[in-house]
Structure formats: structure tokens, C-alpha cells
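The following exercises concern a predicted model. Each task is followed by a solution that proceeds step by step.

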Amino acid sequence: MTGPTPGPATPVRREPGEPGKSREPEVTAPQGLLDEDRPAETARPGPEHSGHTAPAREDRPWIGASVGRREDPRLLSGNGQFTDDIDLPGMLHAQFVRSTVAHARITALDLTAVRQVPGVVAAFDAQDLSLADITARLGRPLTEFVPTGMPVLAREKVRYAGEPLAIVVARDAYAAEDGVEAARVGYDSLPPVVSEEQALAPDAPLVHDEASANTLLDVSMFATEGIDGTFDEAPCVVHVETRTGRQNALPLETRGVVAGWDHREEQLVLRTSTQVPHQVRTTAARCLGLDERAVRVVVPDMGGGFGQKCVVGREEIAAGAAAIRLGRPVKWIEDRKDALTAAFLAREQHYDVRAAFDAEGHILGLDAAVVCDMGAYSCYPFTAGIEPLMASAEMPGVYKVPAYRVRARAVTTNKAPTAPYRGVSRPQYVMVMERLFERAARELKLEPTEIRRRNLITQFPYTGVNNVTYDPGSYLESLNLCESVLKEEGWYAAKETAAAQGRHLGIGYSCFSERTGYGSAAFAQRKMEVVPGFDISEVRMDTSGALVVTTGTMSHGQSHETTLAQIAADELGLDIGKVRIHQGDTDRITYGWGTFASRSVAIGGSAVRLAAGKLGEKLIAIAASVLEVPPDELELGPGLVRRPADGRTVSYEELADIAYLKSHLLPKDTEPGLTATASFDVLNDGTFSNATHGVVVELHEGTGQVEILRYVCVEDCGVAINPKVVEGQTRGGIAQGIAGALFEQVTYDEQGAPSAVSFMEYKVPTALEIPEVSIHHLETPCAFTETGAKGVGEGGTIGAPGAVLNAVNDALLPTGVELDDTPVTPQTVAAALEHTS
Amino acid sequence: MTDDVSTPEHPVRQQQLISLHVNGEAHELLTEPRRTLVDVLRHDLRLTGTHVGCEHGICGACTVLLDGAPVRACLMFAAQAEGSEIRTVESLADGGGLGDLQRAFSEHHGLQCGFCTPGFLMLAEGFLAERPEASKEEIREVVASNLCRCTGYQTIVEAIDDCAARRRAALRARVEGTAHQDENTSETVPPRAACEEVPCGSTTRSR
């Protein structure tokens, strides 16, 4: 692996409507590629392949083409197979008895009546199943991190309303729910801790006895020497304090599992909707006391995840234990109420941040305190440290911050536990940074875009005050383009006109980069005990020349069956129809880290390319023996190996025929079969996608509605394997970012009861709230991923809240009111507008 | 009618015999009165294309057509659907391949994880039958009936709008008596009304 190329980035701009974002229908042959639009040196993805086997350029048409999605036919025709679509012979149905109180000692748990309910087959509590706890750890001293076990079923104590106490198994889901209602639970109530302030108050009741001050993580980092002096002497110091609402990642398919014991393989098979199949396998084996080979995790089609399914759920393990006990398959499908109240939540954070600026608007220092309300338990494998550690490591973002100090804490409360949700702290700290720059711009009477221009990183690689090295990106170029689009479209003029009419238009931006492709080095730096990072890919060509690629990543909407196939097809000169991607079966790949943190194309895609490249070398070796020429005279072509010197070729089918069916013809020392395996890891600080979002809003008096009139996103994710998929990820991410900025929140009353138990209370935005998004692409290829691609899954969500909030505040400028908390509700906007008059 | 089904293992559970017409096929089944239409479609008839997202009528993943009109199959008991023509996503296929609405969703990337998609397809199918001239704004308003967590809705709106436009063009072409060459697929596309295979109650009223 090589480091990023020094020097300024030279991004290539692709315009909307150019072939890269074609509106053509499903493509089965490559369409007009981007070659004409790109300078030669960046026209092809990534670095050239190290070996000599890669097909010539004209035989690699797939990367960069908006190929039609391979997933679509089954999903559009009702032939997808999601977890709840599975029906096994003799299958039983489970639901959970859950705590109705937030904090209490369990004085009684009586399941006698449950077992007498018609249709109920069994009910088990923690004592019945005696499973080991799920415990996530960091390799940090107890002063920094306190590990806390999460029991699969609560025993002795409950720590949030919705915590599972017992599993009820019945002949059908209706009877299981009848059974749940018959449970008798006695509670000795304890005072609930329902806010960060309560958690940190002196003499606060303890959620976990071992975590004093209800603090699971407390780290102070960086503390640049002389930072206090910097703040004392700075001509401009601005302050932002912000709180972000507790959200639900909200995959439309709730969590679920079908567990069953396979007698022939002596294996528990968990068919479960998870982003991290191998982590579920490892954890289930430990909790159940099984050899890991005795657990197989198979992932059906997934209806989204967004992080909520990238941690191990206790219910999937309880269902597995029940299936083993009963000798029959057990299905658990989470209902929406449980998904809203008892599944992993996210996002509730409190930032208190100061920034110092010189008189010209250059940032001099950043001093931050972050407290994340992680709820009742640490999630596996990331721990409750995931959010504060992300925020503290990366807050300086795209700006040249010379001095930095941060204290970041995770507190535990009597609320549903949290998991890393799309963006993981970055939506929040980007919003805070962008608010700081807006506030400084106001004080220093600078244009909001100009103050950013004076501070954006423009020379790469750049090693920040946070010890993170940023690979090349287009931070300044994306801001300039985004601003010029809004100007050319007349929004600045429209704002003036509207103001003259007494209307309230505002324009807001956010600039950010998103570290993607976190390798084992980055996670090890966070001191995770279980260190994600690498991914493995296996390619296998059969006698018909068709290729199956198995990877450890786990698509749950990201179109991997398409994009990873594009990578493999290009590497071997195959038609994409000859390539099949296989994911989500722990028995088919040694280990994998699944899909989260925008890692799959950057890391998984690189592993796919490397494995395919290895297979290409083997194909060439066999062809060399067939043609009786040295291998270095051969190259891969479309479905064949050829010798350019004389034009002789051997097809993959012929080579496969030899590899499998006529192995006596194989060259000496060549093993039969056509398979290859490769792994890829990122051993530096990863690769940074970047974007600028520009938003125009109008605030409506009376209703307090925030109407988004225009949304422009200029993004750079390096080489876009499939531009239309990139756009889909970006738009979908932006919708979730807007949801957090303006709509969604779970609050808790003082007893710890959650406010949102249905979609009546949890306001998921619809097509009337989410605007059209105009996307412009820049392309600064990654120098060290195998394809030049950077991750793109989270960027939309990261950029949206800051841009929306800045636009709202721009519109509120005449009122003197500034809003820093999200979600921005109609009530707060209406009240702020009242302030005008 | 009702039946008392009792076994030693499972005491009395009320069941009733109902008949449902789904995608042009008649089914008779014995079911508990409290069983919802979506559960019967999915688990008794094994038509698992229709999904369950909330069970309280808001997300729309379970949308099916009842006599041509979109309904939430999670908010109805199966017994309430007796005597009606029910259509699910499984009815949309055009011969062996995808129908025009499904193809439009694919072309526009109107789906990612695909979980909400059958609901949007049936919503659009019902709506376009009633309002073939719908504007893009009207389509967006109807799309707001259901929830999608992946796409941000834009491509769903575009897919439905594009499908509506092609259907209108095909209909015009038929009225003008000339076969219409679909510019994107180069296939001869008959107008929607002509390729409707499944009898579906009140969708006929819009023709």
C-alpha cells in the first residue's frame, strides 16, 4: 500500500446529465463512459494494477458506468427473501416480555400463566437459558472506560423500558403476543436517570454499579500546548452549545431472526437481518458456549440497517437459545413499537465548543467538550465509546485548526441503548463546526463562504492537529462550485427580494469530509478490543466461465451485488452477467467485518479486485501452458486470455475445462480449480470523501414550517464505481440528515417512558418534506484503494444537518434569534419569527 | 362461519372459513378472525412480496389493491376482504418479465433495500389507474402516503412520473393507430390497458 500523492488535488468535474449520471434505462452493456470527460491521467479508476494481467482499458468497461442494479428483478417482483419471508417446517414464533419501567430491581418474574396461554409452547427467562453476557471492551484503563455487560435477558435489574426479560415461544406470532401479556413481573422501582445532566449530577442513582458517575467513557485528548493563551489573546472567540435529539436509524424492516438447529451439520443456523454476520456468529457462540464453527449466520435480503443492525442484538441470541432448547426453528420479528422503543437508538449528544479566530477569520484554536447519552448499555463490538471517540478524533474536519483540546464522555442512562447510526457523531460535530464558522463570520463581518475558504485544507496530504492524515480531496473546489451554483440559480437575489416582501429566506452551507475505509490501524488506535478493518474476498470460476465472488461485506440497500460485480468484471474482462456476488453466509468466507462506516467499496471492493487479479494470474499461467509461450506475453481480454503478438486466444471456458475436468493437462505445480482469495486492509488513516451542501430554506410565519426550497450537493467520493448508486446513497443520506435536523426525536418523560411508540409520534419525513436534491460530482481518486473509490454511504447524512441549520439561522438573522439544537421544530421557528415583530 | 378447533396440545381457538380472491385466483382458508389481511397474504397464501413495516397503517409497506384502490393490508382483517379483488405486487409482472412500472423503478433507481418497494408499486399502480394524467406534483403528494428510508423519494417520484408519461404516450400512439416504439427498450409497448392481464375490480372505472 502506498501513501497518498503529495500536492494539491486536481478533481475532475462531472456535470449532471453527463454520461456518468446517465438517465438511460437499465444497462446490460456499458454505456458511454467517462473517458471523454476526464483528463487521461485520472480517467481510469485508481492506480494501475500492480501485475501484468489486468485487461486492457477497452475490456474494462464496467467501473464508472451506471449499470442497472442486479438486485432489482427479485425485489421488484416480490421475490426478495427477507427474514420474515422465511417459513421452516415446524417453525415457532417468539416475542419478548419487556420491562415496562425504566429502572428497577426485578422482584418477581412469573411465567406460569404465560405457559398456559393457548398456542404458547414455552417461555424462558435469564435463569432458564443461563447465557453469557454480551460485553464490549476497549483496551483503556478504568479511568477512561468502564466495561459493562449486557445480559441477553435481564436479570436482577432492568435498565430501560423495553429491556427484554423473557422470551415467549408460540405456535404463531399472535399467540406469542398473547403469552407476553400474561407475564407477571414484580419491580422494586429505582429512580430513573433520563438525561445527561441527571446522569452526571452528584449522588445520581447508578445505572451500572461499576460505572461511577454513570460514566462509561471519559477521555481528554490533544490539548495543544498554549491553547489557553491562544483563547485569551484571540480577537474573536465564538461559542456554540448544541444538543441533538435521540433518533432511531429506522430501517423499514425491523430487526428479526429465524433460528434453527441443523442436526446434520450440528450447527445453530441464525438467519438474521444483520450488517455484521461474523460478529453475530462470534458473539452467539460465546454467549451459548458453543464452538464458533457450530454457529452459522446467514443473512437474508435486508430492509435497511443504517447502523442499527451493525451491532449484535440480544434477541437474536435468545431466539437461538430457544431454538436449541425446543429442537424447532424459532422466528422472532420485532414489531414497530419494540423497534422504536427497545431497539438501538442513536445521536443524542451535547456539545459545548469554543473556537478562537484572528481578525482575518483564520481559526486559531478549538476547545470542545462532548457528552454522549449512550443509554443503558455498551453495544458490541463498538462499545459506548464509539460516538465520543469519533467526535474527539475527527472534529477539526476539513479545516486547518492549529490548536485543539477535547474532553469527550459517554454517559449511561435508563434509556434504550445506542448503536452507531449513519454518520456516527459526524452529523453533529460537522454541524457544530459549521455553526462556529457562521458565528465567527457574523462577528468578523465576513461572508460565510469566505471565512470557510480562508480555513479549508487545500494542500494534501495534510496531517491535522488531531494526528489524522487526510488524503487528497476537493474541499475548496466543492465549496466554490456549490456557492456558484446557488448564485447562478439566483438564490442570493431571491433572498433579497423575499426579505423586501417580508418573507424569510435563508442560505446555509456545510463543508465536511468523511473518513471512509477505516482499516484495522484506525480502529486499533481507538483501542477497540475487537478490531475491525480488513476484508476478505474469494473468487471462484466454474467450468462455464461464470464467476462467484464471496465477500465479507453485507449489502443492505447499497447495491453491492451490482458495484462489486462491476469491479470483478473489469478485473477479469468478464461480462457483468457472468459475475455473481455472494454475501452474508459465515460458512462461505473465513471472516468479514460486514458493512458499516462506508467501508464496503473502499475495503471490500479492494479485496474483490485483488482476488480477481490473483485469479487472472492463474488463468494466464494455465493459458501460457496451453499456448506454450511465457506468461508475460499474455494478457486478459474479454472472457479470454490472448497473446497480442499473434492474436491467439484461449477462452475462460477452455481454461476452466482444463482446471477442473482435464487437470492432467495443468502445468506442473498448478493446483486444480479456479479460485483465489485475497484480503485488503487500510493501514494508514483511511481515505476521506468530501462534499459541500448548500441549502435554501423559507421559514413560514404562524406554522413555523421550514420549507427547503433548494438543495445542492457537490460531492467527491473519488472514483464512482456506479454514479447512479452514488447519487442514491447521497440523496438517501441527505433525507436522513434532514430528518435529524427538522423532524425526528425520541424524548423520555421523567419516569423514563419513551415518547415515540408509533409513527404517530416519531415523525419520519415523507416525500412532501424531503426536497429534490441536485448533485454535482467532483472526482479526486483515492491513491491507495484498489479502485480509486472512497466510501459514500454516510456523507449525505453528515452534511445535511449543518447546512439546514445554517440556512434556518440565516433566515432568522433579522430576528436576532439563533437556534443551535436539533431537531428544529415548528414551535421554535414560529416563536423565533414572533421575535421579529 | 366459525369453527372450534381444539387439540389436546392447543385448546379452543376460534377459526372461520373465508374465501379470498387474490391476483385472479380464488382461495378458501380457515383462519382466526383476528388475523390481518397482510398476515394471511404473507403467511397463509405465501405471497411474501407484500411487506409489514409498522402494523399501524402509516408506513404503507403493506399496500395492496382492493378492488383497484390502494389499502393498508395491516389495517384490515382478512375476513373484511371477502368478496373483493385483491392485487399484490406478485401481479405486476408482465408475462415473464417486469411490468412497465417495475422497469421504471429499476431504471430510476427508485429502490435500494427494496423493503418498501412493493407498497410503493401498488400505491402507484392504483393511483395511475385512477389518475393517468397526474402531474409530477400530484405524484409526489401520493408518494408521501408511504415511507421509504433509503432513497429520499426523488427517484420514486421520477419513476412513477416516467411510467405515467410512457403509458400516456403509448395510449396516444394506440389511439392514433400506430404502434409505439418505446425509445428506451426498442420493444413494442402496448398501452397499459391492453396488457392488463388480471381482472381487478374498480381499476376498470378509470379506463
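**Exercise 1.** Identify the residues with which Val168(A) is in contact, leaving aside its neighbours within four places in sequence.

*Solution.* Take as contacts those residues whose C-beta atoms lie within 7 Å of each other. On the N-terminal side, Val168(A) then meets Ala94(A), Gln95(A), Val97(A), Val114(A), Val120(A) and Ala123(A). The list is completed by Ala176(A), Gly179(A) and Val180(A).

**Exercise 2.** Place Val168(A) within the largest nonpolar core, and state which helix contributes the largest share.

*Solution.* The core holds 318 residues. Val168(A) belongs to the group that touches the most other members, together with Ala166(A), Ile167(A), Val169(A), Ala322(A), Ala568(A) and Val804(A). The largest share of this core, 13 residues, is supplied by helix H18 (residues 600–627) of chain A. In soluble globular proteins, nonpolar side chains tend to be buried together.

**Exercise 3.** Determine how the radius of gyration of chain A relates to that of a compact globule.

*Solution.* For 837 residues, a compact globule would have a radius of gyration near 28 Å. The value for chain A is 27 Å, which agrees. Along the principal axes, the C-alpha trace of chain A spans about 85 × 75 × 50 Å. Of its 837 residues, 61% count as buried. Among contacts in chain A with a separation of 6 or more, 80% join residues 24 or more positions apart.

**Exercise 4.** Is helix H2 (residues 100–107) of chain B largely enclosed or open?

*Solution.* Apply the burial criterion of 20 or more other C-beta atoms within 10 Å. Eight of the eight residues of H2(B) are buried, so the helix is largely enclosed by the rest of the structure. Among them are Leu101(B), Ala104(B) and Phe105(B), and also Asp100(B) and Arg103(B). After H2(B) comes His109(B), with a positive phi near 55°.

Key: Residues are numbered from 1 along each chain as its sequence is written. Chains are lettered from A and ligands numbered from 1 in the order in which they are written. This is a predicted model: local features need pLDDT of at least 70, side-chain atom pairs count only at pLDDT 80 or more; totals for chains, interfaces and linings use all residues. The radius of gyration is taken over C-alpha atoms; the globule rule is 2.2 Å times the number of residues to the power 0.38. A residue is buried if 20 or more other C-beta atoms lie within 10 Å of its own, exposed if 12 or fewer, and partly exposed in between; C-beta atoms are placed from the backbone. Two residues are in contact if their C-beta atoms, placed from the backbone, lie within 7 Å. Helices (H or I, at least four residues) and strands (E, at least two) are DSSP runs, numbered from the N terminus. A nonpolar core is a set of buried Ala, Val, Leu, Ile, Met, Phe, Trp, Tyr and Cys residues joined through C-beta atoms within 7 Å.
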